[in-house]
Amino acid sequence: MRLEFTLLQLVASLRSADFEMYKQSLANLVGWFFAFDQVNYARWLPVHIRDLVNLDIKHPQLAQKFYAGCFVARKTHRPFSAIGIDQNHEQINATLKGNGGKLLLLLLSLFFSGFRTK
Amino acid sequence: MIARSTACNHALKINYKVLHRPAPVLKINLSFSGYPQELLLSEPNKCHEIGLPDKYALVKHCSLNVKSVRVSLSDQCTVQRTEEASSPMRLAKQWLLDKPESEILPWPVYNSRAERFRFTCITRTAVLPLFSEHAHDVSMMAHAMDCVTNAINHINPGQTPVITGDQPLYALLRSIQCLQPETYGEDQIFVMMGSLHIEMASLRAVGTLLENSGWVEALVDAKVTTQGRAESMLRGSHVTRTRYVHEVPQFIFIHSQFLHPLCANVLYVSFVNFRSQLLCCTLCSKRLTRFTKKVMTRMILHYFHLKIGTKRNVAQCLNLNTGTL
């Protein structure tokens with residue numbers, strides 16, 4: 001139950017772009033990776049948390065922007081709908097691979113560019 | 001500017017967010033063989049054909065022993081403990097007790113209404129020309145850091161570049177940072193681990209806990225989903241679907257714990273048996289029909305041989321006649 005709610009806290013911090021809650025949810029979550037023997041995440045997530053905690057000192061301007069919600073990506077104006085940057089990239093991947101893929105996008109852009117110039 | 005290299009082959013993508021001032025229009029050419037030679041992302045009618053510079057297109061060889069990396073300790077390494085006001089359980093309780101029972105909103109709706117920050121800007125996203133090298137190559141990752149730094153210096157001078165990668169790429173990037181602090185040090189580039197992949201790893205951890213617990217059977221019997229999809233949820237392969245199916249029973253359980261002590265008693269009676277707890281959680285879902293609740297209740301009583309008092313409690317919680325059980 002506690003793991004589930006920690007997970008939902010992580011999701012809520014991303015959706016609402018709350019950087020402080022994001023750090024706390026990661027700190028709550030890291031112990032579970034040790035418990036479930038997920039070695040790589042157990043090794044590298046503490047490093048990531050350390051970097052996030054030290055961000056105020058090492059990169060104050062960046063930390064200021066992160067606290068303002070710039071550590072996530074937003075695709076719409078709707079509240080509680082921000083997504084992680086890597087999730088945004090996965091969605092771009094899906095766009096490039098699906099419905100004809102990047103070649104179709106390329107041809108469409110060429111078609112419209114040629115159409116407009118004529 | 002925030003950038004990330006994807007784990008898939010032949011891909012290097014950059015996602016930029018303007019932090020200080022608006023970004024200029026990106027004009028990018030593609031140069032793979034057999035394809036037309038120009039692509040403009042934002043303004044097709046003003047496309048100018050420019051060749052890719054060598055410092056972008058040529059990947060320099062880089063040989064580093066990334067397996068022998070030890071991340072140095074830091075003096076400022078203090079993680080603040082979770083405050084009581086923002087603990088996960090407290091937030092869930094706040095959600096449930098904030099409104100009367102008849103007006104309980106779904107979790108995303110409640111959070112969207114209660115969101116403190118209101119953002120108006122949308123993240124700008126662009127795709128840079130793709131590389132044929134593998135993303136998990138050390139040379140490619142070092143070159144990606146160079147490309148990102150150059151792009152940031154062009155778009156928004158003075159900003160610290162931020163690169164996001166999934167766990168293997170994060171480990172690689174962080175190892176390169178530790179081995180070459182002069183070129184790619186922590187003071188020059190900030191590397192983040194992808195939050196989506198952290199969430200997926202957490203869902204896999206929950207799936208490990210739920211495996212062989214009867215959770216899949218409960219979902220299938222309750223007609224929430226099919227067998228194959230329920231098993232894929234244990235691995236967290238479909239994130240959104242898995243999160244939905246975790247939200248419903250868990251919040252119903254906490255709802256029953258706070259607002260229906262009788263139902264909570266039923267759940268705590270069989271708390272030791274995780275399988276029956278999950279069945280009860282699914283059973284109390286408002287999404288289930290009355291017929292499904294009856295079938296599920298019979299299944300619980302049959303499987304776990306619950307006592308008569310518990311049987312009455314279950315019936316009262318579900319507004320069923322005890323005789324029908």
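**Entry 1: chain A overall**

I started by counting secondary structure in chain A, and I got seven helices and zero strands. This is a predicted model, so I read everything below as computed. Going along the sequence, I noted the pattern α-α-α-α-α-α-α for chain A. Next I looked up burial: of the 118 residues in chain A, 42% are buried. I also checked contacts in chain A with a separation of 6 or more, and 33% of them are between residues 24 or more positions apart.

**Entry 2: helix 1 of chain A**

I went to helix 1 of chain A, residues 2-15. How many of its 14 residues are buried? I found 13, so I wrote down that helix 1 of chain A is mostly covered. I then tested its length. With 14 residues at 1.5 Å a residue, helix 1 of chain A should span 20 Å, and its end C-alpha atoms are indeed 20 Å apart.

I picked A:Phe5 in this helix 1 of chain A for a closer look. A:Phe5 counts as buried because it has 21 C-beta neighbours inside 10 Å, and the cut-off is 20 or more. I also took a distance from A:Phe5 to A:Ile92: they are 87 residues apart in sequence, and their C-alpha atoms are 29 Å apart in space.

**Entry 3: helix 1 against helix 2**

Which way does helix 1 of chain A run relative to helix 2 of chain A? The two axes come within 9 Å and cross at roughly 150°, with helix 2 covering residues 19-35. That angle makes helix 1 of chain A roughly antiparallel to helix 2 of chain A, since anything over 145 degrees counts that way. I noted the crossing as left-handed.

I listed who makes the contact. From helix 1 of chain A the residues include A:Leu3, A:Leu10 and A:Leu14, and from helix 2 of chain A they include A:Met21, A:Leu29 and A:Trp32. Sorting the residues of this contact between helix 1 and helix 2 of chain A, I got eight nonpolar, five polar and no charged.

**Entry 4: helix 2 against helix 3**

I moved on to helix 3 of chain A, residues 39-53, whose axis comes within 9 Å of the axis of helix 2 of chain A, at a crossing of roughly 160°. Helix 2 and helix 3 of chain A are therefore roughly antiparallel to each other. This crossing, too, I put down as left-handed. Among the residues in contact are A:Leu26, A:Val30 and A:Phe34 of helix 2 of chain A, and A:Tyr41, A:Leu45 and A:Ile49 of helix 3 of chain A. The residues of this contact between helix 2 and helix 3 of chain A divide into twelve nonpolar, no polar and one charged.

**Entry 5: two odd phi angles**

Most residues other than glycine have a negative phi, so I stopped at two that don't follow that. A:Ala17 has a positive phi near 55°. I found A:Ala17 in the loop between helix 1 and helix 2 of chain A. Is A:Ala17 buried or exposed? A:Ala17 counts as buried, because 26 C-beta neighbours lie inside 10 Å.

A:Phe80 also has a positive phi of about 55°, though it is not a glycine. A:Phe80 sits in the loop between helix 5 (60-70) and helix 6 (85-97) of chain A. With 19 other C-beta atoms within 10 Å, A:Phe80 is partly exposed.

**Entry 6: a glance at chain B**

Last, I counted 14 helices and seven strands in chain B. Of its 325 residues, 35% are buried in chain B. For contacts in chain B between residues at least 6 apart in sequence, 64% join residues at least 24 apart.

Methods:
Residues are numbered from 1 along each chain as its sequence is written. Chains are lettered from A and ligands numbered from 1 in the order in which they are written. This is a predicted model: local features need pLDDT of at least 70, side-chain atom pairs count only at pLDDT 80 or more; totals for chains, interfaces and linings use all residues. Helices (H or I, at least four residues) and strands (E, at least two) are DSSP runs, numbered from the N terminus. A residue is buried if 20 or more other C-beta atoms lie within 10 Å of its own, exposed if 12 or fewer, and partly exposed in between; C-beta atoms are placed from the backbone. Two residues are in contact if their C-beta atoms, placed from the backbone, lie within 7 Å. Axes are lines fitted to C-alpha atoms, for helices over the stretch in contact, and angles run from 0 to 180 degrees between N-to-C directions. Angles under 35 degrees count as roughly parallel, over 145 as roughly antiparallel, 65 to 115 as roughly perpendicular and the rest as oblique. A crossing is left-handed if the near helix is turned anticlockwise from the far one by less than a right angle, and right-handed if clockwise. Ala, Val, Leu, Ile, Met, Phe, Trp, Tyr, Cys and Pro count as nonpolar, Asp, Glu, Lys and Arg as charged, and the others, Gly among them, as polar. The expected span of a helix is 1.5 Å times one less than its number of residues.
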